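Colleague: Hi! Could you walk me through this one?
Modeller: Happy to, let's pull it up.

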Amino acid sequence: MDQPATSRNIPLPIQREVRQRCGFGCVICGMPLYEYEHMEEWAEVHRHVAAEITLLCDHHHREKTNGLLPKEAVRAANADPYNLREGASKPYSLHFSGTEATVEIGGNSFTCQDGGHGTEMIPLLIDNTPLVGIILSDGHFLLNVVIFDECNIPVLHIRNNQLVYSTDPWDIQLVGTTLTLREKAGKILIEFVFLPPNKVRVVRGRFLRNGVEVLVRPENILVTNNSTFISGCRAHNCHGGLIIGHTDKPIGGFMAIRGVSRYLGNRKEALRFEKQCLNSQ
Ligand SMILES: [Zn+2]
């Protein structure tokens, strides 16, 4: 690492180390959109060392470049990043709107139109907790998401379009329109693609809640607890999508699974079944 680097491109493992150390946001303001900033002038050091690199949003990066934000202030913020101080990322507003909504999960599509009086669509609910939900009201498109980790602890929220995440995970990145949360190297917990004004896609990942595991692949959904394979489904103006476990009030969904074995599902069997389903398509 102390070898002189020939490229200004920071190696990916170093980028991730910097992201985690900085709480996945600008060290000054916590903004989840940022650039990598060498605190030592690159022209002088010609090296990529994680401890010498920090995260700055466009605004603070420009202030630093223009000389309005002193190096000392950046170093101080780097030693005590905003998001780590707060314990969560600074809320970031997604720019959704419209009278129609599309949510795609593992190639399955859930669509709805604003029918007035606050139209609600819940593509995925486990045990009374909507993991993915949309509200359409007066031209507003409000996305609500909660992602739990393996310990059943929420690590990412989108509340009425406001994205907030914990600083605990191994990696979180918002690049372009893609938000990726990784549990460890090569292990994606969830990958969302935001397609404003009115579309959201879940490309891959695992929705976890109370011992239920819903795997999302680019072309299908698999509930590993009971080998439920869902592919190529379309639901329009359906209040509920995949509804698992109990609900306080009845929700009409295109698929409702009431009783499901928790933690003890035969995951191996489910993965084998998924392979068979894919082969027979
Ligand atoms: Zn900033």
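Modeller: Let's start with Arg-267, which is partly exposed at 37% relative accessibility (buried means under 20% relative accessible area, exposed over 50%, partly exposed in between, with a 1.4 Å probe and protein chains only). Before we go on: this is a predicted model, where local features need pLDDT of at least 70, side-chain atom pairs count only at pLDDT 80 or more, and totals for chains, interfaces and linings use all residues. Residues are numbered from 1 along each chain as its sequence is written, and side-chain values use heavy atoms, with hydrogens and water left out.

Colleague: Thanks! Which residue forms a salt bridge with Arg-267?
Modeller: That's Glu-213, with the closest N and O atoms 2.8 Å apart. A salt bridge here is a side-chain nitrogen of Lys or Arg within 4 Å of a carboxyl oxygen of Asp or Glu.

Colleague: And where do the two sit in the chain?
Modeller: Glu-213 is in strand E15 (residues 212-216) and Arg-267 in helix H6 (residues 267-280), 54 residues apart. Helices (H or I, at least four residues) and strands (E, at least two) are DSSP runs, numbered from the N terminus.

Colleague: Is Glu-213 buried or exposed?
Modeller: Buried, at 8% relative accessibility.

Colleague: Which residues share a salt-bridge network with that pair?
Modeller: Salt bridges with shared partners join Glu-150, Glu-183 and Arg-206 to Glu-213 and Arg-267 in one network.

Colleague: What does Arg-206 pair with, say Glu-183?
Modeller: Yes, Arg-206 and Glu-183 meet in a salt bridge at 2.9 Å, N to O. Glu-183 lies in strand E12 (residues 178-184) and Arg-206 in strand E14, so the bridge ties together parts 23 residues apart in sequence. Arg-206 also bridges to Glu-150, where the closest N and O atoms are 2.8 Å apart.

Colleague: How many salt bridges are there by this rule?
Modeller: The count comes to 17.

Colleague: Switching topic: what holds the zinc ion?
Modeller: Its protein donors are Cys-26 (SG), Cys-29 (SG), Cys-57 (SG) and His-60 (ND1), at 2.0 to 2.4 Å. Donors are N, O and S atoms within 2.8 Å of the metal (3.2 Å for Na, K and Ca), and water is not among the atoms, so sites may look incomplete.

Colleague: What about the geometry?
Modeller: The zinc site is tetrahedral, with angles of 98 to 116° among its 4 donor atoms; four donors count as tetrahedral if all angles lie between 85 and 135 degrees.

Colleague: And how are the donor residues spaced in sequence?
Modeller: As C-x2-C-x27-C-x2-H.

Technical notes:
Tetrahedral: all angles 85-135°; square planar, octahedral: opposite > 155°, others 65-115°.
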